[in-house]
Amino acid sequence: MSRVLLIEDDILLGRHFERSLLSAGFEVRTCEHLVGVMDVVDSFGPDVIVTDILLTGSTALPLMNELMSHDDLSKIPVIAITSLADDITLDALRPYGVRAILDKTSIHPNDLPASVRKVLP
Amino acid sequence: MDRGVKDRVLTPVVIAAHELKTPLILLRQLSLGLQDESLDLATRQQLAYQAQLVSERALRLTSDITKAERLEDALFEMEPVSVAGICREVVDELAPLYRACGRSIETKPRRQSLLAVANRDLLRRVVLNFADNALQYSSPDSPVELSYRLCGDSTLRLGVRDYGPALDVKTLDDIENRLSRAEVVKARPHSSGLGLSIVKKFAEAMSSEVGLIRHRDGATFYVDLPLSRQMKLI
């Protein structure tokens, strides 16, 4: 079973995304902010990370930078899920390890599991 | 990319649109979830209830935006207001939303009843905004606390304390500085800070001040109000 680390600071929205991933058969761990998230990455060993961009107390960029600074972790595909999709291009986020951007304003429940499957190693 | 996101020009309309985007995104997702026929009845009822709570939250925001825009034309009755009563009302109103998010909110009981000179509606909106903002920064183990205390002889401080993830000093400095100046309060990263800007306007309309105390494990947003002497006459 593939493992997905979901980082979403909107509690109810996070539960909704979590439910769609669980029902698609993924093992999911959800974090609401970046505090302690690297410990979760180490202990949970996600195959894919799905993260919001603007988070409580931070953006997701410090996490992405941290992941990119480790040889093994830099290989974990990251999916950005954001309401700022109009302002962000995949080209701008590729250096941060992002393989796909999902627009929160137009995403359907099946889009997230489909995107995860697409980027799985 | 980082600069691009942070430096966008935030006009009031853009800010309002951004703030309303969040509950609308959630409402849309909840609606899509409700269309999933494979979900059991209990889950569907839960989603419908969450949709109601999110709608009420969005409606509070639209009501606050309208109120803030019309502040200059309005006259506000200032009267002795029980801050304990305001705290209880806010806790009662937000408790369902907190529960739905697996969080809790409470008011610290206090033996002494204190009255502030304030406009009841505006004060309630100020505290609702603080408490709504704190939801995002609370943890399941630590309730958000509403409390009040005397500050000197003539000021009553009503605060909302969260125990969420510590914010970096720069972010806190930014909020603190902007709270003390007449400009849009750009709050924590996920937020445009519209709520805090509105709070600042409401507080100023009551000749009150809002501020922020940083803690190692969270923050307290507070409003300082003139203490009513009415109780001393009883």
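## Close-up views of helix α5 and its salt bridges in chain B

**View 1. Helix α5 of chain B.** Helix α5 of chain B runs over residues 120-135, and its 16 residues reach 23 Å from the first C-alpha to the last, close to the 22 Å expected at 1.5 Å a residue. The structure shown is a predicted model. Of the 16 residues of α5(B), 13 are buried, so the helix is largely enclosed by the rest of the structure.

**View 2. The N-terminal end of α5(B).** B:Asn119 caps this end of the helix. A side-chain oxygen of B:Asn119 lies 3.2 Å from the backbone nitrogen of B:Asp121.

**View 3. The salt bridge between B:Asp132 and B:Arg60.** B:Asp132 pairs with B:Arg60 in a salt bridge whose closest N and O atoms are 3.7 Å apart. The pair links distant parts of the chain, for B:Asp132 belongs to helix α5 of chain B and B:Arg60 to helix α3 (residues 41-69) of chain B, 72 residues apart. Both B:Asp132 and B:Arg60 are buried.

**View 4. The salt bridge between B:Glu89 and B:Arg124.** Helix α5 of chain B also holds B:Arg124, which is joined to B:Glu89 in helix α4 (residues 83-100) of chain B, 35 residues apart. The closest N and O atoms of this salt bridge are 3.3 Å apart. B:Glu89 has a relative accessibility of 29% and therefore counts as partly exposed. B:Arg124 is partly exposed as well, with a relative accessible area of 23%; buried would mean under 20%.

**View 5. The network of salt bridges around these pairs.** The residues of views 3 and 4, B:Asp132, B:Arg60, B:Glu89 and B:Arg124, belong to one network of salt bridges. B:Arg57, B:Glu93 and B:Arg120 are linked in this network too.

**View 6. The salt bridge between B:Lys201 and B:Glu69.** The side chains of B:Lys201 and B:Glu69 meet in a salt bridge, with 3.8 Å from N to O. B:Lys201 lies in helix α7 (residues 194-205) of chain B and B:Glu69 in helix α3 of chain B, so this pair links parts of the chain that are distant, 132 residues apart. B:Glu69 is exposed because its relative accessible area is 57%, over the cut-off of 50%. B:Lys201, at 37% relative accessibility, counts as partly exposed. Over all chains, the count of salt bridges comes to 18.

Technical notes. Residues numbered from 1 in each chain as written. Chains lettered and ligands numbered in written order. Predicted model: local features only at pLDDT ≥ 70, side-chain atom pairs only at ≥ 80, totals over all residues. Heavy atoms only, no water. Helix = DSSP H or I, 4+ residues; strand = E, 2+ residues; numbered from the N terminus. Expected span 1.5 Å × (residues − 1). Buried < 20%, exposed > 50% of the residue type's maximum accessible area, 1.4 Å probe, protein only. Polar contact = N/O pair within 3.5 Å; in protein donor to acceptor, adjacent residues only side chain to side chain.
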